[in-house]
Amino acid sequence: MAIIPSSDLDASEAFYRRLGLEVASDYGHYRILQDDRGWHLHLTYAPGWPKHIEDNPFGLYLYVEDVDAIADAVRELIIEEGAPHAKPWGTYEFSVSDPSGLLVRVGRAVP
């Protein structure tokens, strides 16, 4: 589970919905999202975060079985051309940035 700051919770929620998460609880300035695999993500309202979107130092890795299906849902947001693809470190993955500039890698381990 990760707690992610966001200056626009609606935009962040919409982004993570495209990655397969749904809102489980909404407390106004704090939202809990989850998927059917037991993965949870908490979004917390942080006005003005980050000051410069390119300065967000955080990252998140979302392990999924069907990487290609998730990639199809966010194809225009994928950072690396030609992704998803196998990486030398043993994953099949792609990367996107959330509305706050957080790097999100989506993938699975490969034998």
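## Tyr16 and Phe15

Is Tyr16 buried or exposed? Tyr16 is buried, with just 1% relative accessible area in this predicted model. Phe15 is buried as well, coming in at 6% relative accessibility.

## Aromatic pairs

Let's turn to the rings. Counting pairs whose ring centres lie within 6.5 Å, the model has three aromatic pairs. One of them joins Phe15 and Tyr16: the ring centres sit 4.8 Å apart with the planes at 90°, so this pair is edge-to-face. The cut-off behind that label is a plane angle over 60 degrees.

Another pair is Tyr61 with Tyr63, where the centres are 4.4 Å apart and the planes meet at 35°. Planes under 30 degrees apart would count as stacked, so Tyr61 and Tyr63 are called tilted instead. As for exposure, Tyr61 is partly exposed, with 23% relative accessible area, while Tyr63 counts as exposed at 53%. The cut-off for exposed is over 50%, and buried means under 20%, which is why Tyr61 at 23% lands in between.

## Lys87 in its loop

Where does Lys87 sit? Look in the loop that runs between strand 6 (85-86) and strand 7 (91-97). Lys87 has a relative accessibility of 13%, so this lysine counts as buried.

And which residues does Lys87 touch, once neighbours within four places in sequence are left aside? Lys87 is in contact with Glu80 and Glu93.

Technical notes:
Residues are numbered from 1 along each chain as its sequence is written. This is a predicted model: local features need pLDDT of at least 70, side-chain atom pairs count only at pLDDT 80 or more; totals for chains, interfaces and linings use all residues. Side-chain values use heavy atoms; hydrogens and water are left out. Rings of Phe, Tyr and Trp (its six-membered ring) pair if their centres lie within 6.5 Å; planes under 30 degrees apart count as stacked, over 60 as edge-to-face and the rest as tilted. Buried means under 20% relative accessible area, exposed over 50%, partly exposed in between (1.4 Å probe, protein chains only). Helices (H or I, at least four residues) and strands (E, at least two) are DSSP runs, numbered from the N terminus. Contact means heavy atoms within 4.5 Å.
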